[in-house]
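Trainee: I've got this one open in the viewer and I'd like a close look at a single part of it, then a walk outwards from there. Could you take me through it slowly?

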Amino acid sequence: MKALIYEKFQGPVAVQHVTDPSPKNHGVVVKVTATGLCRSDWHGWMGHDPDIDLPHVPGHELAGTIEVIGKDVKRFQVGDRVTVPFVSGCGKCPECHSGNHQICDNQRQPGFTHWGSFAEYVALDYADINLVKLPEEIDDVTAAILGCRFITSFRAVAEQGKVTGGQHVVVHGCGGVGLSAIMIASALGAQVTAVDIDEETLSLSKELGASQTVNASQSDDVIAHVKSLTNGGAHVSIDALGSQITCFNSISNLRKRGKHIQVGLMTGDHQHPKVPMDRVLADELEIIGSHGMQAFKYPQMLEMIKNGLLQPEKLIERTISLQEATSALPNMNKFKNKGVLVIDSF
């Protein structure tokens, strides 16, 4: 099969012919029809993930059709259209038994712990508890962007943040995760404030549901600016980028008893950010992480998409080929794209 591969962190990325994958007894092989290009893939290429062994094929957001099935798989069959969350649970550890597959003790992540979906075929483990059947109403390109950014944002907003109508929600960083969070929070009835440094991105955030915006590169005091727009601070604030600045600002712009949700990955020099713990204590703030979403939690989100309450396809800037991804992946940190890129040609 053809696959996008790199043999050195921060090194050349190329399309090569490699051996087709085989499924484990509890897994499947999926013929990939579409796969999203995510900043997490860039983090992997940079060498920020200790689970990656070289050479490596990235890619963790995908849609496709089951091509080969392991002998122990019961719930799926060859020909099923499926997607998968970027964290695959083992189904056996205490976290999985409690229903929290997204923080499985033995988690598998395509594109990180093993070769991913920037290829014609991808092997997926523990199929019965991790695969999600796709409804006919959702096409492959749209489904391909659900497995990381959109589900992480959905759980962050709806479950971790418990956002309700009339609340003020602030989103710091309007990449794929941030734009998803804006759309979801708006659909749940919140008043959303988008914070970013790019005017075109902020304009797109308004199209997707933000009622007001803050350009952090032009504001003298982002925290005070947000508080003035939200009548005293956010009920829920989300760091969708993952930097020391956006994390600090997100916590600091909360109103009393507000919730900060950390969604953006904190890597490199950003792993241990400054936290205004005096405010956390005095104002009884909550700091909550959000890491993906379990496969069995997909139905509510899929129904909202089918009913038109959520329109993730609006996040897609354009589709590209596997060959074009060889240059798009290393350049992701330049933030040239205002929406999501999806590989749909192999």
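In which loop is the place of His114? Please start there and carry on to whatever else is worth a look.

Mentor: Sure, and keep in mind that this is a predicted model. His114 sits in the loop that runs between helix 2 (94-97) and strand 6 (121-124). Being in a loop doesn't put His114 on the outside here: its relative accessible area is 15%, so it counts as buried, the cut-off being under 20%. Its side chain reaches the backbone oxygen of Ala123, with 3.3 Å between them. Ala123 also turns up in the contact list of His114, next to His56, Val57, Arg108, Gln109 and Asp125, once neighbours within four places in sequence are left aside.

Two of the surrounding stretches have backbone quirks. Start with Pro55, which belongs to the loop between helix 1 (39-46) and strand 4 (61-69). The peptide bond that joins Leu54 to Pro55 is cis, with omega at about -5 degrees. Then go to Tyr126, in the loop between strand 6 and helix 3 (127-130). Tyr126 is not a glycine, yet its phi is positive, about 50 degrees. Both are worth a click, because most residues other than glycine have a negative phi and most peptide bonds are trans. As for exposure, Tyr126 is partly exposed, at a relative accessible area of 22%.

There's another positive phi at Gln10, also not a glycine, at about 65 degrees. Gln10 lies in the loop between strand 1 (2-6) and strand 2 (13-17), and its 49% relative accessibility makes it partly exposed.

While you're in that part of the sequence, look at the rings. Searching the whole structure turns up one aromatic pair. The partners are Tyr6 and Phe9, with 6.4 Å from centre to centre and 55 degrees between the planes, which makes the pair tilted. Their surroundings are not alike: Tyr6 is buried, with a relative accessible area of 0%, whereas Phe9 is partly exposed at 27%. One more ring to check is Phe248, where Lys274 lies over the face at 6.0 Å from the ring centre.

Now the second largest pocket. Its space comes to about 210 Å³, and its lining is made up of Arg75, Phe76, His101, Ile129, Leu131, Val132, Lys133, Ala295, Phe296, Tyr298 and Pro299. Strand 7 (132-133) and helix 11 (298-306) are the elements that give two or more residues to that lining.

Take one residue from each of those two elements. Lys133 lies in strand 7 and is partly exposed, with 48% relative accessibility. Setting aside neighbours within four places in sequence, Lys133 is in contact with Arg75, Phe76, Asp80, Arg81, Val82 and Leu302. Among these, Arg75 and Phe76 are fellow members of the pocket lining. For a sense of the fold, Lys133 and Thr65 are 68 residues apart in sequence, while their C-alpha atoms are 9.7 Å apart in space.

In helix 11 you'll find Met301, which is buried, at a relative accessible area of 0%. Not counting residues up to four places away in sequence, Met301 touches Leu146, Phe150, Ile151, Phe154, Met293 and Leu310. Pro58 makes a handy reference point: 243 residues separate it from Met301 in sequence, and the C-alpha to C-alpha distance is 26 Å.

Another buried spot is Thr142, which belongs to helix 4 (residues 140-143) and has 5% relative accessibility. With residues up to four places away in sequence left out, Thr142 touches Pro312, Glu313 and Ile316.

Finish on Lys259, in strand 12 (residues 254-262). You might expect a lysine to be out in the open, but Lys259 is buried, with a relative accessible area of 16%. Leaving out neighbours within four places in sequence, its contacts are Gln160, Gly161, Lys162, His235, Val236, Ser237, Leu254, Glu286 and Ile288. Ile238 is 21 residues from Lys259 in sequence, and 8.4 Å away in space, C-alpha to C-alpha. Set the two lysines side by side in your viewer: Lys133 is partly exposed, and Lys259 is buried.

Technical notes
Residues are numbered from 1 along each chain as its sequence is written. This is a predicted model: local features need pLDDT of at least 70, side-chain atom pairs count only at pLDDT 80 or more; totals for chains, interfaces and linings use all residues. Side-chain values use heavy atoms; hydrogens and water are left out. Helices (H or I, at least four residues) and strands (E, at least two) are DSSP runs, numbered from the N terminus. Buried means under 20% relative accessible area, exposed over 50%, partly exposed in between (1.4 Å probe, protein chains only). A polar contact is a pair of N or O atoms within 3.5 Å; within protein, one must be able to donate a hydrogen and the other to accept it, and residues adjacent in sequence count only if both atoms are side-chain atoms. Contact means heavy atoms within 4.5 Å. Rings of Phe, Tyr and Trp (its six-membered ring) pair if their centres lie within 6.5 Å; planes under 30 degrees apart count as stacked, over 60 as edge-to-face and the rest as tilted. A charge sits over a ring if NZ of Lys or CZ of Arg is within 6 Å of the ring centre and within 35 degrees of the ring normal. On a 1 Å grid over the protein atoms alone, a cavity is a set of points where a 1.4 Å probe fits but cannot get out, and a pocket is an open set with protein on both sides within 12 Å along at least five of seven lines; lining residues have an atom within 4 Å of a point. Grid points are joined across faces, edges and corners, and a volume is the space filled by probe spheres set on the points.
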